[in-house]
Structure formats: C-alpha cells, structure tokens
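Reader: I've just opened this one and want to get my bearings. Please take me through it, one question at a time.

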Amino acid sequence: MSLLSVENLELRHGLLEAVRGVSLTLEQGQTVALVGANGAGKTTLLRALAGAHRPSGGTITFDGVDITRRRAHECVRMGISLVPEGRRLFGNLTVEENLLVAAQRKRPGHWNVETLLEAFPLLQRLRHQRAATLSGGEQQAAAIGRALISNPRLLLLDEVSLGLAPLAVDAVYSSLATVIAAGATILLVEQDLTRAVSVAQRVVCMLEGRFVLEGRAAELSREQITDAYFGLQRPAGVGA
Amino acid sequence: MTWVNDIVQGVTLGGFYGLLACGLALMFGLMRIINLAHGDIAVLGAYLVFLLLEHWNTSPFVAILPVLPVMLLLGYVLQRTLLERSLRSGLLVPLLTTFGLSIVIQNLLEQGFSPDVRSLGQNAGSIATASWQVTSKLSISAIGALTLGVAVIIFAALQRFLSRTQAGRQMRATAQDPDTAELVGIDSRAVYARATAIAVAVAAIAGMFLAIRSTFSPYAGPDDLIFAFEAVVIGGLGSSLWGALLGGIVLGVAQTIGAQINPEYSILSGHLVFLLVLASPRGGLLTLRGARRARGVAI
C-alpha cells in the first residue's frame, strides 16, 4: 500500500482552477520532486496535502486513511509535515521555541531539539535567538527542523531554496541529505531543476494545474523536463 | 505630598483597570477580537459571587474560587460556539456578536437580579474600608493595594504561562500566524478557546474587586469596558500583555490627578490621556517595542 495516494484532486482559488484532477502515489522512503513554473499549482497541491487547502474534488489517502477533509493540525498528528514557502517562522519566538512549539507528544521518534541541532549545526549557536533575526538560510534550516520535530512520515518541502544565497542553499541541501538518509518520505517542490533532480528518485512536472511529465529522475533527460516545465511540447504517455 | 498621595491612589486604581483590561488585551492580542461584552462578563462574575454569598456566609475572596471554574468553562464554550463561528466571517462580525452578547447578559442579569444597585463591600469585611496611614497626607487603601497585588500576580503568572509552557508557546505562535500554527500541528480553535476561558475568568476576578470597592448593577458593564479598552489602547493595543497593566496605571493616575485639579475632571482627564495616546504617532506606551515584532502578543 502506498503511503500517500491522491486521486483526481481538484483545487480552486475562488473561480480559478489551480489544480485539475491530478493523481499521484508516493511510496514509503521515496523522494519525489514536483517541478513547474510559477502558477502551475505546486504550492496549492502541497497545501492541500497538508490540510491547509480544502479540495473541491477528488480524494487524498494517507496510510490508508481518507484525509481529504482533515484540518492541517490533524494531518500533522497523522504524520504529514509541511515546510511552507517563505519559511514562515514565528518571529517572536526563539529558534528553540519554534522547534518546541511544533513538537508532538503523541509522535515520538528520532527527531527532538537535540538531534535537530546536531543535524543542523548552524542552528546550535542561534538556539536562544529570536527567529526574526536569522538570515534566510538559517531561517530555512529552522523551518525544516520545525517540520521534522513532529517526526513526520511524509515531509512536504515548498521551495526550500527560494531567495537563498548559493552557500545557504548548499547548507540546506546538505542537511536535507541527512534527512533523506534517515529514510524520510519527501515530496519536494523546487524551482531549481538541478537541485531537485539531484535528490529525487522521481520527478513530476506540473503545468497549468496538470501533471504533464512523470518519471524516474535517472531516466528523464534535462530537455524533457525543461520542455514540460515551460509547456513547449506535451510528451506522449503522460497522465492527466 | 497631596500629589504623591494622588499618584499612589492612581496606581492602585490602575491595578484594578489593568486587571479589568487583562482579558481584553489577551483576546485582542491573540484573535484581534474586541470583546464588547467584556465589562458585562466582569459584572456577571460579580453577580455569581453575589449569588453564592446569598447562600453561603463567607468572604467574596472565598466565593470567587468556585466561580472561577464556571467562568473558565463559560469562556471556553462561548468561544467554541459563538465567537469561533463569527471569527470566520471577518473582523466586523465578532464585534457585532459581542455587542449582542453584551445586551443579552445585561438583560438576563436584570431579569435574574433586578435592576437594583448592589455592593459586596460589606461581605468583604474591614479590608474594604481599611487603609494604611503612611503620613498625614498619604494613605494607601487595603483593597487598592490588594487589587494591585492580585493584578501583578495574575499578569506575572500569565507571562510565565505564555513563555514557559507548551500551551503558552502555542498561544504566542497562533497570535502571530494562525495559519502556520495549524501547519505545525496546533489546533488554533482550541488555543483560542483556552485564551477566552482565561480572559473570562480574569474578568470575573476583576468583577469581584469592582463589587467590593464600588457598586454594580446589571448595566455597569459598558462603563467598565470603556476603562478596560482605554487601558489596552494606552498600553499598546495588545502588543504586550504588560502594556495593559501599565495602561491601566496611567489611566488611574490621570484620573486621580484630574480629580485633584477639579473633581469633575476625574473621568475626563483619563479620556484625554487615552485620546492623546491614540493620536500620537507611537500609538501606545509599549507599541514601539511591539511594532518591531510581528503581529500578536509580544512577550
């Protein structure tokens, strides 16, 4: 049984159809990169999987349980965690408080404040510093840590490299490698194709609310992904 | 020395205003709700104490103890049933809802207890009238000092709760960004309900002190709401919890100094200070500190 199964999911922003009947499965321990241009519907899809956007159609099943109508905090308790676009840390809280506030008593596991500070060494000296004072890279590391502390079974990452300096992106992806090595299941939204393909086993490309390309990262050429990304052509054999 | 006495009286009066404003500041800081029924809830607390004292020969300070869990529950249910729904409809609907609630509470109290003016001063015993004569021109009322002491203890306890406990951290996180709070596993609706429960219980304590130091009637709520609201605004509009106490003290001192100039200026001088703060670019005593931080209760 797949860890996550999405069937004919439809998502709207008012009258605008953001996601149009997409289907997706995710196996335990898999890392999938979801790529696409701005406005393709990636963030909306991720937010729906995290319970933050109510679908207008279709179903989301997580570990055999229908979570289509579940609220976001219920999804976290079930083991789904989202690192939102723009980090959205609680600026008034310290780094440690940002981690602690997301800790779930009913979801014990490998990740706690100490193990996270080991995995994200740049946060160690910032432990008692207010999150609003951190640099972009430090904030991103804290945001990933905050998502991990609930010991999720599925980690959703939305544009983790957005707005970061190349060195900060390196640091974030180096930390992500530790998380992936620990066996996490990850759905990664990323604009940086090279980065996305380097960590993912599967790549799904979105265009105007639909999946236009899907395949194993090792088997897809950069040209195929780029063409699908910009909608230059519609490759044959693509799911709706 | 008369001025020193006025300031001391103002500070103790400000303790009462701060206590009254505490729940209002908490709800505004967390949910951006201006609870127009806050004064009536305080008066409701006073009536519940009064009701118990009619059947139980004890002090109001003992009678408030069983009232507190009732008020906590009332606040929780109020949020989950009435305010939660109105919050989903924007900022104006909670304002209208609490305005309606205020009228309902006033009418229910009038039906249940008659429009008669009452006081719990006699039930409180000598503490209601006792005072310490420091010098010939400086005296401190016992009930004033007790009110201020209780206010400081409640504010300090709330501060500790917000900064040291998981529930408190969740409240601060939700105050800043309720959507993201949900995304990290916080049930924002439950957090709001807990905050309203605390606000209503603290309002009941303020109501008890109101009933001891003065008189109350079913329609006393709106007058108290004005002072509580002014204290919150002077303190920085919920940007800091302690701002509500500080705002209450400034309001109290302004009123007593105004009364010293001319007894008719007492309430007016408080309103003038409120308007001055409201018109100032800073917009509140602790707003500058709060403005540097993100939205919500700054701890």
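Reader: Where is the place of Leu15(A)?

Author: Heads-up: this is a predicted model, in which local features need pLDDT of at least 70, side-chain atom pairs count only at pLDDT 80 or more, and totals for chains, interfaces and linings use all residues. Residues are numbered from 1 along each chain as its sequence is written, while chains are lettered from A and ligands numbered from 1 in the order in which they are written. Helices (H or I, at least four residues) and strands (E, at least two) are DSSP runs, numbered from the N terminus. With those labels, Leu15(A) falls in the loop between β1 (4-13) and β2 (16-26) of chain A.

Reader: Does Leu15(A) count as buried or exposed?

Author: The test counts other C-beta atoms, placed from the backbone, within 10 Å of a residue's own: 20 or more is buried, 12 or fewer is exposed, and in between is partly exposed. Leu15(A) has 5 C-beta neighbours inside 10 Å, so the label is exposed.

Reader: What distance separates the C-alpha atoms of Leu15(A) and Gly109(A)?

Author: Along the chain, these two residues are 94 residues apart. In space, their C-alpha atoms are separated by 42 Å.

Reader: Which elements do the buried residues of α3(A) pack against?

Author: Six of the eight residues of α3(A) are buried, so this helix is largely enclosed by the rest of the structure. The buried ones are Val95(A), Glu97(A), Asn98(A), Leu99(A), Val101(A) and Ala102(A). They pack against α4 (113-119) and α5 (136-148) of chain A, together with α7 (166-176) of chain B.

Reader: Which elements of chain A give two or more residues to the side that touches chain B?

Author: Contact here is judged on C-beta atoms placed from the backbone, which must lie within 7 Å. That takes in 22 residues from chain A and 20 residues from chain B. On the chain A side, the elements giving two or more residues are α2 (72-78) and α3 (95-102).

Reader: And how do the residues on that side of chain A divide by class?

Author: Ala, Val, Leu, Ile, Met, Phe, Trp, Tyr, Cys and Pro count as nonpolar, Asp, Glu, Lys and Arg as charged, and the others, Gly among them, as polar. The side of chain A that touches chain B then comes out as 12 nonpolar, five polar and five charged.

Reader: Which strands stand at the edges of the open sheet in chain A?

Author: This sheet has six strands in the order β6-β7-β8-β3-β9-β10, with mixed pairing (two strands pair if DSSP finds at least two bridges between them). Two of the strands each have a single partner, so one side of each is left without a neighbour in the sheet: β6 (80-83) and β10 (210-216).

Reader: What is the bridge partner of Asp158(A) in β8(A)?

Author: Strands β7 (154-158) and β8 (185-189) of chain A pair in the parallel sense over five bridges. In β8(A), Asp158(A) is bridged to Val189(A).

Reader: Over in chain B, which residue does Trp132(B) stand opposite?

Author: Strands β1 (131-135) and β2 (138-141) of chain B run antiparallel and are joined by four bridges. A hairpin of two residues links β1(B) to β2(B). Across from Trp132(B), in β2(B), is Ile140(B).

Reader: How are α3(B) and α4(B) oriented to each other?

Author: Axes are lines fitted to C-alpha atoms, for helices over the stretch in contact, and angles run from 0 to 180 degrees between N-to-C directions. Angles under 35 degrees count as roughly parallel, over 145 as roughly antiparallel, 65 to 115 as roughly perpendicular and the rest as oblique. Helices α3 (60-87) and α4 (92-113) of chain B pack at about 150°, with axes 8 Å apart. That makes the pair roughly antiparallel.

Reader: Is the crossing of α1(B) and α6(B) left-handed or right-handed?

Author: Helices α1 (2-31) and α6 (142-164) of chain B pack at about 45°, their axes 8 Å apart, which makes them oblique. A crossing is left-handed if the near helix is turned anticlockwise from the far one by less than a right angle, and right-handed if clockwise. For α1(B) and α6(B), the crossing is left-handed.

Reader: How do the residues in the contact of α11(B) with α12(B) divide by class?

Author: Helices α11 (241-261) and α12 (266-279) of chain B pack at about 135°, with axes 7 Å apart. They are therefore oblique. Contact residues include Val250(B) and Leu251(B) of α11(B) and Val273(B) and Phe274(B) of α12(B). By class, the split is nine nonpolar, five polar and no charged.

Note on methods: Contact = placed C-beta atoms within 7 Å.
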